[in-house]
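Me: I'm new to reading protein structures, and I'd like to go through one feature at a time. Could you walk me through this one?

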Amino acid sequence: MNSLGLNLILKMGCICTKEIITVNLRKYKVCEQLGDGGFSTVVLVEDVITHKKYAIKRIICHGPEDQQLAAKEVEYYKLIKHPNVIECIDSSCNGMADPVVNTTSKILIVLPYYHKGTLANDLERRARNCDYMSSADILRMFLQICEGVKAFHEAKPEPLAHRDLKTANIVLSDDGTPVIMDLGSVTTARVQVCGTQAARTLQDLAAERCSMPYRAPELFNVESYCMVDERTDIWSLGCILYALCYFKSPFDTVYERGDSVALAVISAHVTFPEDTPYNEVDMQNLILSMLKVNSMERPYIYSVIESVHDAITKLKDKA
């Protein structure tokens, strides 16, 4: 056999050995890995019949608690229906997680694939090119993100909080619409903390699930007797609006330097870069209104949306 024929067989062998994932009788061919988190991996797949591309999130559960959390995530995808929140196309659970007999289960969640990537990717590209968005475009995009967050905060029978809102958890559709993704950290928004143990449990959970540069102060140092509510997300929204203006969260640089993010967040020392297009007081005040260390001083999502509408109106009046 000549080398050309051998190479062809080898290539065909590579194609044939592509992993196939089956979710409720539908088969998907794995194309590549898109992301790898502490609790899951996300792969780009192609429907073997339609050839349409999707993202599949694979969650390996090592015990009943893991399985319960993953099942909750699937529930939240089905509960929150909003154009600015990612939809679940299909899901399945394979196996039963039982640490006693050393068995695991696998939860598979089929999601739309957004080829434009995340808002974080877009902001990194913009930062390299000093490509600032206009104030109007920033406010329009931020308003859509807020509308998506409102869907969580209005959930029935009780409000939900995303708890890990960040630019890396927002994907962009073909027309640039922001879509909130990764519902693995979503939880009941209002938590009454009673005692040191409860405070420690919530703090540890936040350390696992909520990214430091976007995490609210009350989740870094949970008090023994307190109420935590959906305004954890409002702090994260303040960080996202800052990133839309200046490419990064106000606490990303602290994180990159290796300094204490917790200390920076709890002191809420926020500075604004000079020589940028967004030095108008209105934009900065909007950001600072959400970055209040005391969560009780932060607005609810309805007030944030109202403030964004006001800012958009002011821009139109100036034009």
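**Reading a predicted model**

Reply: Let's start with R163, which is buried because its relative accessible area is just 7%, and buried means under 20%. Keep in mind as we go that this is a predicted model.

Me: Okay. Where does R163 sit, and what is its phi angle?

Reply: R163 is in the loop between β7 and β8 (170–172). Its phi is near 70 degrees, a positive value in a residue other than glycine.

Me: Which other residue has a positive phi, and is that one buried or exposed?

Reply: Take L25, with phi near 75 degrees, again positive in a residue other than glycine. You'll find L25 in the loop between β1 (20–23) and β2 (26–36). L25 counts as exposed because its relative accessible area is 82%, and the cut-off for exposed is over 50%.

Me: And what about residues that fall between the two cut-offs?

Reply: Those are called partly exposed. K72 is one of them, because its relative accessible area is 36%. K72 belongs to helix α2 (residues 64–79).

Me: How far is K72 from I305 in space?

Reply: Their C-alpha atoms are separated by 28 Å, and the two residues are 233 apart along the chain. You can set that beside another pair, T41 and I56: they are 15 residues apart in sequence and 8.3 Å apart in space, C-alpha to C-alpha.

Me: What does T41 touch, and which element is it in?

Reply: T41 is part of strand β3 (residues 40–47). Setting aside neighbours within four places in sequence, its contacts are G35, D36, I56, K57 and R58. So I56 shows up in that contact list, because contact means heavy atoms within 4.5 Å, a rule about atoms in general rather than C-alpha atoms alone.

Me: Now cysteines. How many disulfides are there?

Reply: The count comes to zero. To check this yourself, look for pairs of cysteine sulfur atoms within 2.5 Å. The sulfur of C61 has its closest cysteine sulfur in C93, 6.7 Å away, so that pair is too far apart for a bond. C239 is in no disulfide either, and the nearest cysteine sulfur, in C210, is 12 Å away.

Me: Are those two cysteines, C61 and C239, buried or exposed?

Reply: C61 is buried, at 0% relative accessibility. C239 is buried as well, with a relative accessible area of 0%.

Me: What about spaces inside the protein: how many cavities are there?

Reply: A cavity is a space that a probe fits into but cannot leave. Here the count is one cavity of 30 Å³ or more. The largest cavity has a volume of about 40 Å³. Its lining includes R163, the residue we began with, along with C210, Y214 and T232. By type, the lining divides into five nonpolar, two polar and three charged residues.

Me: And how do I read a pocket?

Reply: A pocket is an open space, in contrast to a cavity. The second largest pocket holds about 390 Å³ of space. It is lined by 18 residues, and A120, E124, T167, Y214 and D252 lie nearest its centre. Two elements, α3 (119–129) and α8 (252–257), give two or more residues to that lining. α3 gives the most, with five residues. The lining divides into nine nonpolar, four polar and five charged residues.

Me: You mentioned loops earlier. What is there to look for at P157?

Reply: Look at the peptide bond there: a cis peptide bond joins K156 and P157, with omega of about 5 degrees. P157 is placed in the loop between α4 (135–153) and β7 (160–161).

Me: Can we finish with one more residue, and put several features together? Is R298 buried or exposed?

Reply: R298 is buried, because its relative accessibility is 2%. It lies in the loop between α10 (281–290) and α11 (301–318). The R298 side chain reaches the backbone oxygen of V293 at 3.3 Å. Not counting residues up to four places away in sequence, R298 touches several others, among them A216, E218, R231, W235 and M290.

Terms used
Residues are numbered from 1 along each chain as its sequence is written. This is a predicted model: local features need pLDDT of at least 70, side-chain atom pairs count only at pLDDT 80 or more; totals for chains, interfaces and linings use all residues. Side-chain values use heavy atoms; hydrogens and water are left out. Helices (H or I, at least four residues) and strands (E, at least two) are DSSP runs, numbered from the N terminus. Buried means under 20% relative accessible area, exposed over 50%, partly exposed in between (1.4 Å probe, protein chains only). A polar contact is a pair of N or O atoms within 3.5 Å; within protein, one must be able to donate a hydrogen and the other to accept it, and residues adjacent in sequence count only if both atoms are side-chain atoms. On a 1 Å grid over the protein atoms alone, a cavity is a set of points where a 1.4 Å probe fits but cannot get out, and a pocket is an open set with protein on both sides within 12 Å along at least five of seven lines; lining residues have an atom within 4 Å of a point. Grid points are joined across faces, edges and corners, and a volume is the space filled by probe spheres set on the points. Ala, Val, Leu, Ile, Met, Phe, Trp, Tyr, Cys and Pro count as nonpolar, Asp, Glu, Lys and Arg as charged, and the others, Gly among them, as polar.
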